Amino acid sequence: MIDPRILRTAPERLRESQLRRGLPEGTVIELEKLDAEHREALHKYEELRSQQKRLSKDIGKLKGRIKKSGSKERPVLEQESESLLASAGELAEAVKVAEQRADRLGAEVEDAWLTIDNLVDPQAPVGDEDAFRVITEVGTPRDFGAEGFTPLDHLQLGEAIGAIDVERAAKVSGSRFYYLVGDGALLELALLNLAMNLAHKNGLRPVLPPALVKPAAMAGTGFLGQAAENVYHLADDDMYLVGTAEVPLASMHADEILDRSALPLRYVGYSPCFRREAGSHGKDTRGIIRVHQFDKVEMFTFCEPEEAEREHSKLLGWEREFMDRLELPYRVIDVATGDLGASAARKFDIEAWIPTQGRYREVTSTSNCTTFQSRRLAIRYRDEEGRVAPVATLNGTLVAMPRVIVALLENHQTADGRVAIPKALRPFLSDRAYLTPLQQQ
RNA sequence: GGUGAGGUGCCCGAGCGGCCUAAGGGAACGGUCUUGAAAACCGUCGAGGUUCAUAGCCUCCGUGGGUUCAAAUCCCACCCUCACCGCCA
C-alpha cells in the first residue's frame, strides 16, 4: 500500500508509476473517485453518529434523574424520556444506513488499493523484462572448447555424483520435485552453513521461520495480487505455503511499533519455499532450475525509509560477497520496471553463468519495498519527532539452493566428471576438494 | 481431540448496559527539589481515521456477527493463550 496522501495530492505520480510497470492507469482514476466518495460518506456517518451519541448520553442522564426523582416530578421526566427515545430510534436507523454505506465504500477503496503496485523508483530502468540494465559482470565464464571437452549439464553431473534424483521425486511427488541425496544433501547443508556464518558475521539475526502462514501475512507482503496463482493455498485450513521466507520474516513484526534505536533490524531466515509455477509449463523442465519446493536463505531488513536505498546496496553487497566465495561468474542487473514484483520499488538480480545454457540465469534477487509492505502489515517506528511512521522493508536472497547447486556443478566441473568444491565450502564438506562420480569412488 | 481458566491501552489490572466510552498502579518522558543521583511531588503519557490543524469529531477493550435509543459490559460463532488428560513428530 502506498501513502494515501499521494493519491489526493499527486495522483499523477501513481498513474505514472503504473504506466512504467506496464499496468493500466485506469485503476488509479477509479480509486480517486472511490476515495472521494468514501470520505464524503464517512463524514456523513460521523456527523450522524456524533448526534446519536449525544442523544444517548442525555437519555442516560435522564434515566439517572428519574431514579432519584420524587413522585411529583417523575411523570414529567418520564414523558421527556419517551420523546427522546422516539427521536433516538429514528436516528439509530439513519446511523445504521450511513454506516453501512461508509463501510461498503471503505471496503471498495481497500480492494482498489490492492490493485495498485508500489511506486517504482525513478532510477529503475523503464520497460519490460528485457529492458534491464547490466550493472557489472564479475568473473569470466570458462571456455570449455579451449579446455577440450563439452560440459555436462547439472542433472547429468548430479546424477553421476549421486547428488540429485528427479526420477524418484517424480514418482513420489510429480514433476518439478527433486531429492538431494548423499553429497547433494551435504552440499546444501554446506551452503547453508556458509551463508549463515557470513550473515551472522555481518550482524544479521538468524531465524528459522514458519513456512505455513495465515492470509494476512500473504496479503501483507503483496503475494495475493498477480502473484496469487503461484501460491499454494490449503483450503481446508485457509493457510498458505510461503514462496519465500520474506513472508514470515516481514510479518514477524506486524502490528508493532519498533523502537527507532533498534533500527535497522536485520534478519536472515532459512525456510522451504513452495511455488506452483503456474504459467511456466514447458519452461526449464529439465533438472532443478524451476521446482515446486526448495530451500532458501533470505535476508530481511526493517529500516528508516531514508536509509532504504543505502540498505539496498548493503544487501546486494552481501549477496555478491557470497557469490564471490563460491567462485562463480555472474552479473548484476538493475531489473526493469515491468519485471518488478508488486511490492518492489527497485530490484537487483544476480545472475550466474550457466555453461550448458550459454547464458546468465537468476540466482538471487534483492528488493527495496520502501514502505509498501509495512503499511499493509502495520509495521511502524517512532521517528525523531516521536511520530509514528511506517518503516521501510527490504529483502535479499543469500542462497536459493537448487539454482546455486546448478551453477556450482556446471561451472566447477572437470573433464573427468568431477566437481571442484570452492575453498570456502570445503570446511563444511570434510575438507574435500572435489565431489566425485559414484563410479570413480 | 477432551476438560477447565482466560484474552482490556507499553506492562499489570479494575470495569451493576447508560449518569467521566476505560479507574488505579507500574514503566517511560518532561519539570520541581538536589552538588549529582535516588526518593518525594507536579505534569505528560495508546493507535487508526477525518481535518489546514499535534482544534474538534469518529473508530478500536482477541476476531466476526447480533440484540438495544445506548455495549468492554448481554447473545451467537470463531481464533488464540495457559493448565491438565489423551494421541503423536
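**Close-up views of a predicted protein–RNA model**

Across the interface of domain 1 and domain 2, the search rule finds 0 salt bridges. Keep in mind throughout that this is a predicted model.

**View 1. Domain 1 meets domain 2 in chain A.** Let us start with the two parts of the protein. Domain 1 covers residues 4-114 of chain A, and domain 2 covers residues 129-440. Their C-alpha centres lie 47 Å apart. At the interface, 5 residues of domain 1 are in contact with 8 residues of domain 2. The size of an interface is often given as the accessible area lost when the parts come together. Here the area buried between domain 1 and domain 2 is about 500 Å², with carbon and sulfur atoms giving 39% of it. On the side of domain 1, the residues that lose the most area to domain 2 are R20, R21 and L114, which together make up 79% of what that side buries.

**View 2. Polar contacts between domain 1 and domain 2.** Although there are 0 salt bridges across this interface by the rule, 3 residue pairs are in polar contact there, with both partners at pLDDT 80 or more. The side of domain 1 that touches domain 2 has 3 nonpolar residues, no polar ones and 2 charged ones.

**View 3. The protein surface near RNA strand B.** Now turn to the RNA. In total, 24 residues surround RNA strand B, and the closest are R8, R39, H43, R49 and K53. By class, this surface has 10 charged, 8 nonpolar and 6 polar residues. Which elements each supply at least two of its residues? They are α3 (26-68), α4 (74-114) and β14 (379-382). Helix α3 gives the most, with 14 residues.

**View 4. Side chains of R39, H43 and S50 beside RNA strand B.** Of the RNA atoms within 4 Å of the protein, 72% belong to sugar or phosphate, and the rest belong to bases. Three side chains let you look at this up close. In R39, an N or O atom of the side chain is 2.7 Å from a phosphate oxygen of RNA strand B. For H43, a side-chain N or O atom is 2.5 Å from a sugar or linking oxygen of the strand. S50 has a polar side-chain atom 3.3 Å from a sugar or linking oxygen of RNA strand B.

**View 5. A salt bridge between E32 and R15.** Searching the whole structure gives 28 salt bridges. One of them joins the side chains of E32 and R15, at 3.0 Å from N to O. This pair links distant parts of the chain: E32 sits in helix α3 and R15 in helix α2 (residues 11-20), 17 residues apart.

**View 6. The two ends of helix α7.** D165 caps the N-terminal end of α7 (residues 166-173), where a side-chain oxygen of D165 lies 3.2 Å from the backbone nitrogen of E167. Just after the helix comes G174, with a positive phi of about 105°. Further along is R176, in the loop between α7 and β3 (179-180). R176 also has a positive phi, about 65°, although it is not a glycine.

**View 7. A peptide bond before P264.** Is the bond from L263 to P264 cis or trans? This peptide bond is cis, with omega near -5°. To find P264, look in the loop between β8 (256-258) and β9 (265-274).

Methods. Residues numbered from 1 in each chain as written. Chains lettered and ligands numbered in written order. Predicted model: local features only at pLDDT ≥ 70, side-chain atom pairs only at ≥ 80, totals over all residues. Heavy atoms only, no water. Domains from an automatic or database assignment. Contact = heavy atoms within 4.5 Å. Buried area = accessible area lost by both parts, 1.4 Å probe. Salt bridge = Lys/Arg side-chain N within 4 Å of Asp/Glu carboxyl O. Polar contact = N/O pair within 3.5 Å; in protein donor to acceptor, adjacent residues only side chain to side chain. Nonpolar A, V, L, I, M, F, W, Y, C, P; charged D, E, K, R; others polar. Near = heavy atom within 4 Å. Helix = DSSP H or I, 4+ residues; strand = E, 2+ residues; numbered from the N terminus.
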